[in-house]
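Visitor: Could you take me through the metal sites of this model?
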Amino acid sequence: MATEQLKEHRKYRLLQVFYLTEAVLVIELFHRLIAKGEAAIPLAIAILFTMLVLSPVYFLATRLRLELATQWFLIALTLFVSALLWSFNGLTDEALFGYPCILVFSALMGLRRTFVALMVFMILNILLLGLANDLQWLQHPSTTTSLNSGILFCIILALLGVSIWLQLGDLNQLLQALQSENNRVMQSQQQIEQLINHDALTHLPNRIVARQRFAEACRNASVSKRMVAVMFIDLDNFKHVNDSLGHHIGDALLMAIAKQLQLNLRSRDTVCRISGDEFLVLAEGFQTQLEVKQLAEKLLEAVAAPVQIANTEISSTCSIGIALCPHDGDNFDTLCQKADMAMYQVKDSGRNSCSFFDIALSKQTEQTFNLLNDLKKALPEQQFELYYQPQYDLQTGQIFGAEALLRWHHPTRGMISPAVFIPLAEQSGMMADIGFWVLQQACHDCALWNQGLKWPIRVAVNVSQSQLSRRHLELDVQTALQESELSGDLLELELTETMLVENAGLLQRAIKVLKAKGVHFSLDDFGTGYSNLAYLQDFELGLLKIDQSFTQKLLTDDRSKAVVRAIIQLAASLELQCIAEGIENEQTLVLLTRLGCFKGQGYYWAKPEPLSEFQARLNGNPCR
Ligand code: C2E
Ligand code: MG
Ligand code: MG
C-alpha cells in the first residue's frame, strides 16, 4: 500500500473508533439518565464533558494529523476511565474494562511510546487506587482486597497489553512485508508497461501509444473542427553517423534528437520513436496548413541544431512528411503511410525539408514505396534467385567462370531487374543482408557445379557498398566459404570504384585477409567512375572489368574504342587482367582480342541463366 493510502486507511479506522466511542458515550448518557441512579447527573456531566474533550480528534484526523489525533483520543479516554474509577466504584467499577480496550486500540494504531506510557499510567493508577482503598484514604464499596486485586488487575493488564503488542508487532511486520512486496509488484508492473509502450533507448512512447493518442486527438479534432498533423520524421544519412562514428555515438545522437523534438513540441503533442532513425509526431489543434508547416520547420531547425557528443560536435538533418486528419483521412495506419510517402518525396528532392502528402505527386512515390515494402519480405520469403552468366576465355573459347547476378521474383509483378531494386535495397539498408545471402548462395552453387569438373570454374560475386560498411565483409566471406566448403580461389569479388574511394581503410584490410585465402578481386564497370590510377595501384586487384557501355559501342564509336584500348594498356602496365562485359557479337569479340583483352562475357554466348541451365551448359562443355 502506498503511504498515502495507508494514511487514509488509518484516518478511516481512527474516525470509525471515534464515532463508535462517541455513540457508546451517548448510549451510556441516555442509559444513566433513564436509569436515574444516584450518580446519574454527575456521570452524565462527565460523559458530556468527555464527548466535548474528544471532539478535536475529528478535526485533527480529517486534517491527517493522525498521530496527534490518536494520542489525544487515547489520553482523553484513559483520563475519563480513570476519573470514573476514582469517582465511583474503584477497582470494581465496570469502567475498568475500558483500559484493555484503550490498550488494544493504541497497539492497533502502532504508537509504541503512547502504548507504553498509557500502560504504565494504568498500572500505576490501578495500584494507587488499590493502595488508597487499603490505606482507607478513599472508601469505595466492596474493596476488601483492593491492593491485591489491584496487583492482579495489573498483571492481567500487563499480560494482555504485552501479548496484544507482540501480536500486533507480528501483524505489522507482515503488513510491511506485504506492503513492500506490493510496491515491488507495482514497480515491475510500471516497468513492464514502460517497456511495452516505450522505446528503450530514447524512452519515447512507441507506435502502440501513438495509435491511442491519435484516436484521442481525432476525437478532440472532430469536436473543435481543427486538424491533427501526423509527421513522419526520418534522419538524413544517419547510417553514416553509425558507420563512421560508431553505434554508441549514433545512440547518443538519437537520444539528443528525441529530446530536441520533445522540447519543441507542446505538452499535448506526442513524439514517438517508430524504429531506427524514424520518429512520428502527432500534433493537434491546427486551423491552417501554414501553422503545421511552421511547426515542421521548427522541428527541422531543432534537429539541425549541433549537439556535442563525446567531444565531437555533430549536426544532422531530417526529412519530414506530413499527412493531415481529416484532410488525408482519419485512419491512423493510412495517415502514417501517407506521411511516410510524403517523407520519401522529401528524400527524393534533396532531403532536409518537409512536405505535405500530395495525391498528384504520390503516384510515383507510392509505387516505389510499395516496392520497398515488398522488398522487405523478399529475403525471408525466398523470392530471390541467383542467375549465372558464363565468362569465357576469348582465345580458347572455354568457360572459366560465371558472374552471379541477382534476380527478384516479385509475387505479382514477375521478375524485377536488379537495376531497379538494388538501389532501393541500398537506400533502405537491406542490401547488406541481401548481399550476404548472395555470397552464401553463390558459394554453395559454385561448390555444386564444380563437382566432377576437369578444371575449376569460379564464381564472381558483386559486392555492395553496404556489405563493407554495415557488415564485416571478411567474416561474411569466410563464413560463406566454410559453409559451402568452397576453396577461396574459386571465388572472385567484384568491387566498384566508389567502394575503393569511400571505404579505402576497411577494404584494404578485407582484401589483405581474403587474398591470403586465395580469393580474387576485380573492379567492375571500369571507366564509368573515378578511374583513379592511384587506387588501382594501392589495392592490387587482379582484374579490370571493362564496362559494357564501351564494349557495345566499340565497333561504332571511335572514342569508346580509344577508351577500351587505353584501359587494356593500363591494365597490362599494372599487370592486371582485363575482362570485357557486354560482348554481343563476334566482331566485338575479335576486335577485343586484337586490342589485347582475352576474357569476356555477354549475350554473344549467353544471357544470365538459372543455375540448372548453367549446369546443363557445363555438362556440354569440355570441362566436364
Ligand atoms: P554488373 O555487375 O555490371 O552486371 C552486368 C550486367 O550486364 C548484368 O545486368 C548483365 O545481365 C548485363 N549484361 C551482361 N552481358 C550483357 C550483354 O551482352 N548485353 C547487355 N545489354 N547486358 C549484358 P543485370 O543482371 O541486370 O545486373 C545489373 C547490375 O546489378 C549489375 O551490374 C550489378 O551492378 C548489380 N547486381 C546484380 N546482381 C547483384 C548482386 O548480387 N549484388 C550486387 N551488389 N549487385 C548486383
Ligand atoms: Mg558485376
Ligand atoms: Mg559491370
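The turns below deal with two metal ions and their donors.

Guide: This is a predicted model, in which local features need pLDDT of at least 70, side-chain atom pairs count only at pLDDT 80 or more, and totals for chains, interfaces and linings use all residues. Residues are numbered from 1 along each chain as its sequence is written, chains are lettered from A and ligands numbered from 1 in the order in which they are written, and side-chain values use heavy atoms, with hydrogens and water left out.

Visitor: Which residue bridges the magnesium ion (ligand 2) and the magnesium ion (ligand 3)?
Guide: Donors are N, O and S atoms within 2.8 Å of the metal (3.2 Å for Na, K and Ca); water is not among the atoms, so sites may look incomplete. The magnesium ion (ligand 2) has Glu403 (OE), Asn462 (OD1), Glu494 (OE) and Asp524 (OD) at 2.0 to 2.3 Å. Around the magnesium ion (ligand 3), at 2.0 to 2.7 Å, the protein donors include Asp525 (OD) and Asp524 (OD). The two ions lie 3.9 Å apart, and the bridging residue is Asp524.

Visitor: How many residues apart are Glu403 and Glu494?
Guide: Both coordinate the magnesium ion (ligand 2). Helices (H or I, at least four residues) and strands (E, at least two) are DSSP runs, numbered from the N terminus. Glu403 sits in strand β9 (residues 399-410) and Glu494 in strand β12 (residues 491-495), a separation of 91 residues.

Visitor: Is Glu494 buried or exposed?
Guide: Buried means under 20% relative accessible area, exposed over 50%, partly exposed in between (1.4 Å probe, protein chains only). Because its relative accessibility is 1%, Glu494 counts as buried.
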